[in-house]
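This report goes through selected local features of one structure, as computed from its atoms. Backbone geometry comes first, followed by ring contacts and helix packing.

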Amino acid sequence: MKQDMILILDLGSAQNAQLAREIRALGVYSEIHPHDITLEELHALPNVKGIILNGGPNRVVDGVGIDVSKDIYNCEVPVLLADHKGDAPWPEDPEARKQALSNFIFGVCGAQANWNMDNFIADQIELIRRQVGDKKVLLALSGGVDSSVVAALLIRAIGKQLTCVHVNHGLLRKGEPEQVVQVFRHEMDANLIYVDAVDRFLDKLAGVSDPERKRKIIGEEFIRVFDEEARKLEGISFLGQGTIYPDIIESGTKTVKAVKSHHNVGGLPEDLDFELVEPLKMLFKDEVRACGKALGLPDNMVYRQPFPGPGLGVRCLGAITRDRLEAVRESDAILREEFAKNGLEGKVWQYFTIIPDVKSVGVRDGKRADEWPVVIRAVNTVDAMTATVENVPFELLQHITDRITHEVKGVNRVLYDLTPKPTGTIEWE
């Protein structure tokens, strides 16, 4: 069943993602597009029942106010102006906003509430089969939520035309490569290729401290590894990726500057000869999980906490060294073990450790010791666009501190990050 769509055109609002989520919560599909969409581009989109012009503080770009074309105002699709800072103020109260949206979407536009995971999966399977045909797809399978759901969706759509590649780049959590092989090769019967590329990645990252450069290096090297693996196989024409909507939004639009680059959005090498298959690119994180559940993936995979594409590379701050990387891995394993023991594993959305490239004086075996601090980050969020900090019991933090400072080599301090998003992002780099 084709899903009706409400189109959000970005006129400088900082609340595009929130508005899209509110529309989807009403059971109607919604996408965010740039303000300068043409009438031809609009007509190419399926089942657009209404347009919301979402204005806000970024409506003036380089000193010039932006607007949609007259063609959009005059098109046959109903148009609503929702300005968060202007002549058509948008309600602040959630219930008033919900009522205003309902009146427009169902009353004015006549849209149907047919946005659900079963319809989404059916549509994506059709689109994947149409795009791929009888060709083969190579999938970057990290074992995280996004790539796992992509794998399940591609298996449902094209079966054995899919080859999964798991790259151990040395930046994974403790025991993770072994777990990925066990789950996907032995339990899910996926066609899985395991690549040990630890030295290759860490050698390229040696001495690189800028976080954006690290992300680019990791992203480009990932693609090159897949390219090499594809050359060993016959008929690989497509690269599957777990890009999701927050990745695209945070990588910047025409009115919003990039928060950070994502390895699966930017940094693709010019010699890449794959076409991308990105079936989750219009889903928020909670919707990805719902998709995974609908596809029959186990809970421990669907609700696994998110892990960035660059892995521990963005948690070993600054230039990565093998000893500090190992300290991040070991401290992270202790944190995860203690959260699981104390009932926080399913309660907290994401939790991890970070080690900055600084040392502080401490005492070890009665002597002065210059060692690293470990920062603990534990946050809750729905869509990764905003996040709050978990109120971890102080006694548990003391116990975790004792374990980390005594069990992790080179660490003498533990700190807790109290910063929500915004002003902080979830990751430090």
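Proline 422 is located in the segment after strand S16 (411-416), where strands (E, at least two residues) and helices (H or I, at least four) are DSSP runs numbered from the N terminus. The model is a predicted one, in which local features need pLDDT of at least 70 and side-chain atom pairs count only at pLDDT 80 or more, while totals for chains, interfaces and linings use all residues. Residues are numbered from 1 along each chain as its sequence is written, and side-chain values use heavy atoms, with hydrogens and water left out.

**Backbone geometry**

The peptide bond between lysine 421 and proline 422 is cis, with omega about -15°. Proline 422 is also joined to threonine 423 by a cis bond, here with omega near 20°. Threonine 423 again belongs to the segment after S16.

Two residues other than glycine have positive phi, and the table lists them with their places.

| Residue | Phi | Place | Relative accessible area |
|---|---|---|---|
| Asparagine 47 | near 55° | loop between helix H2 (39-44) and strand S3 (48-55) | 31% |
| Aspartate 365 | about 55° | loop between strand S13 (360-364) and strand S14 (367-380) | 74% |

On the accessibility scale, buried means under 20% relative accessible area, exposed over 50% and partly exposed in between, with a 1.4 Å probe and protein chains only. Asparagine 47 therefore counts as partly exposed at 31%, and aspartate 365 as exposed at 74%.

**Aromatic pairs**

How many aromatic pairs does the structure hold? There are 5 aromatic pairs. Rings of Phe, Tyr and Trp (its six-membered ring) pair if their centres lie within 6.5 Å; planes under 30 degrees apart count as stacked, over 60 as edge-to-face and the rest as tilted. One of the pairs is tryptophan 115 with phenylalanine 120, edge-to-face, with 5.9 Å from centre to centre and 80° between the planes. Both tryptophan 115 and phenylalanine 120 are buried. Together with Tyr29, Trp115 and Phe120 make up one aromatic cluster.

Phenylalanine 201 and phenylalanine 222 also form an edge-to-face pair, at 5.7 Å centre to centre and 65° between the planes. Phenylalanine 201 belongs to helix H8 (residues 198-205) and phenylalanine 222 to helix H9 (residues 211-231), so this pair ties together parts that are 21 residues apart in sequence. Phenylalanine 201 and phenylalanine 222 are both buried.

**Charges over rings**

A charge sits over a ring if NZ of Lys or CZ of Arg is within 6 Å of the ring centre and within 35 degrees of the ring normal. Arginine 315 has its charged end over the ring of phenylalanine 352, at 3.8 Å from the centre. Arginine 21 is placed over the face of phenylalanine 284, 5.1 Å from the ring centre.

**Packing of H5 and H11**

Two packed helices are described by the angle between their axes and the distance between the axes. For helix H5 (residues 117-132) and helix H11 (residues 285-294), the axes come within 10 Å and cross at roughly 80°. The axes are lines fitted to C-alpha atoms, for helices over the stretch in contact, and angles run from 0 to 180 degrees between N-to-C directions. H5 and H11 are therefore roughly perpendicular to each other, a class that covers 65 to 115 degrees, with under 35 degrees as roughly parallel, over 145 as roughly antiparallel and the rest as oblique.

Which residues make this contact, taken as heavy atoms within 4.5 Å? From H5 they are Met117, Asp118, Phe120 and Ile121, and from H11 they are Glu287, Ala290, Cys291 and Ala294. By class, the contact of H5 with H11 has 6 nonpolar, no polar and 2 charged residues; Ala, Val, Leu, Ile, Met, Phe, Trp, Tyr, Cys and Pro count as nonpolar, Asp, Glu, Lys and Arg as charged, and the others, Gly among them, as polar.

Glutamate 287, in helix H11, is buried, with a relative accessible area of 9%. Not counting residues up to four places away in sequence, glutamate 287 touches Arg24, Trp115, Met117 and Met282.

**Distances along and across the chain**

Glutamine 18 is part of helix H1 (residues 16-25) and is partly exposed at 34% relative accessible area. Its C-alpha is 8.7 Å from that of methionine 385, and glutamine 18 and methionine 385 are 367 residues apart in sequence. Leucine 276, in strand S11 (residues 275-277), is partly exposed with 23% relative accessibility. Between the C-alpha atoms of leucine 276 and glutamate 212 the separation is 22 Å, and these residues are 64 residues apart along the chain.

Conventions
Contact means heavy atoms within 4.5 Å.
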